[in-house]
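Welcome! Let us take a walk through the empty spaces and the surface of a protein model.

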Amino acid sequence: MARAFERGATWPRLTLGIGLVVAALALGLAIGPADIPPDATVRILLSRLPWVDLTSGQQQAWEDIIWEIRLPRVLAAGLVGATLALGGATYQGVFRNPLAEPYLIGVAPGAALAATIVIISPLQYAYGGFSVLPVAAFGGGIAAVALAYSIARLGQSAPTVTLILAGVAISSIATSMTSFLMVLDTDRVLTILSWTLGGFNLSSWDRLFWALPYIAPSAAVLLTLGRTLNVMQLGEEQAQQVGLNVERAKLLALGAASLATAAAVSISGFIGFVGLIVPHTTRMLWGPDHRGLLPMSMLIGAAFLILADLIAREINQPSEVPVGIVTAFCGGPFFLYLLRRSSASGRVF
């Protein structure tokens, strides 16, 4: 039985989480097809600091590999992993169910549909170093969530069960439309699949800078909602009785989580199960208090996806396996475990 999160243990646990992320980043930078010594990697990174130059005698190719390929990739994997885990913890808190995840009300299917439309479009979607694909995916994800919420809304509130059902319906429609478009244009099926299965092989600094303005403020908002999510675990009626505006809190939490998730999906594609595995594992290890659960989920999610991406790019050299396959391989059995456990307790949704 997981113990309740103790305030006195917050910093040691966060320090452990930060250590896991640093270790994962180090492995992500050190391992790859090009054999670059660890000390050379450290010197290349430190040389980017002002008034520091430790790269004399280094191969220029090493610097390009570290700075232009590996570092953006591991940072993107860490950012997406942290975002999906934080979104999953938030959704599980709002819906009070460990089977909830950040794609529950349509973000990923909406993004996939918009990305598919752009890919099969006869118009060119990449101009120089800029691609409209992430923008379209982001807009599609947000549109799907907004549509689900507007359908579920009754008066001034959106009942939880109705919102879930609306999200499932929107997801089903978007997925079927994506499949239909893939059938119509079989020449681009592999391109669409490579995006929908998720991956970081196209990661760049530009993509990171595109997503950060949406993810950073959304994450900052969500990290302040720990106490609010704790109160919501009492149930909506009880939370209202203690003075919480449940509908406003729900809208703020789901809106910020969906915005961050849409931005993450727009740069990585659909990567499943991170938002399901990580928050629940964190809850089992460190307790249900969202004041600690949210930041710990972010850190563990970042480390988990960096390592999953490392496996994806090393397991089948010289080609890559989509990272979504790796996370699904880990998450599928875990999801069945959660489903079995929830069914035994008589509570699924």
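The paragraphs below visit a pocket, a cavity and a surface patch. Keep in mind along the way that this is a predicted model.

We can begin with the second largest pocket, which holds about 400 Å³ of space. Its lining is made of 25 residues, and those closest to the centre are S194, W195, G199, N201 and L202. Two elements each give two or more residues to this lining: helix 7 (189-196) and helix 11 (246-268). Helix 7 contributes the most, with five residues. As for chemical character, the lining of the second largest pocket has 13 nonpolar residues, nine polar ones and three charged ones.

Next comes a space of another kind. Rolling a probe the size of a water molecule over the atoms shows where empty space is left. How many cavities of 30 Å³ or more does the structure hold? There is one. The largest cavity has a volume of about 30 Å³, and the residues around it are A76, F200, S203, S204, R207, L208 and I267. By class, four residues of this lining are nonpolar, two are polar and one is charged.

Finally, let us move to the surface. Here L190, L193, L197 and I325 make a nonpolar patch of about 360 Å². One of these residues, L197, sits in the loop between helix 7 and helix 8 (205-223). Is L197 buried, partly exposed or exposed? L197 counts as partly exposed because its relative accessibility is 34%, and partly exposed covers the range between the limits of 20% and 50%.

Methods:
Residues are numbered from 1 along each chain as its sequence is written. This is a predicted model: local features need pLDDT of at least 70, side-chain atom pairs count only at pLDDT 80 or more; totals for chains, interfaces and linings use all residues. Side-chain values use heavy atoms; hydrogens and water are left out. On a 1 Å grid over the protein atoms alone, a cavity is a set of points where a 1.4 Å probe fits but cannot get out, and a pocket is an open set with protein on both sides within 12 Å along at least five of seven lines; lining residues have an atom within 4 Å of a point. Grid points are joined across faces, edges and corners, and a volume is the space filled by probe spheres set on the points. Helices (H or I, at least four residues) and strands (E, at least two) are DSSP runs, numbered from the N terminus. Ala, Val, Leu, Ile, Met, Phe, Trp, Tyr, Cys and Pro count as nonpolar, Asp, Glu, Lys and Arg as charged, and the others, Gly among them, as polar. Patches are made of residues with over 30% relative accessible area and no salt bridge: like charges are joined within 9 Å, nonpolar side chains (Val, Leu, Ile, Met, Phe, Trp, Tyr) within 5 Å. Accessible areas come from the Shrake-Rupley method with a 1.4 Å probe; for residues, only the protein chains shown count as cover. A salt bridge is a side-chain nitrogen of Lys or Arg within 4 Å of a carboxyl oxygen of Asp or Glu. Buried means under 20% relative accessible area, exposed over 50%, partly exposed in between (1.4 Å probe, protein chains only).
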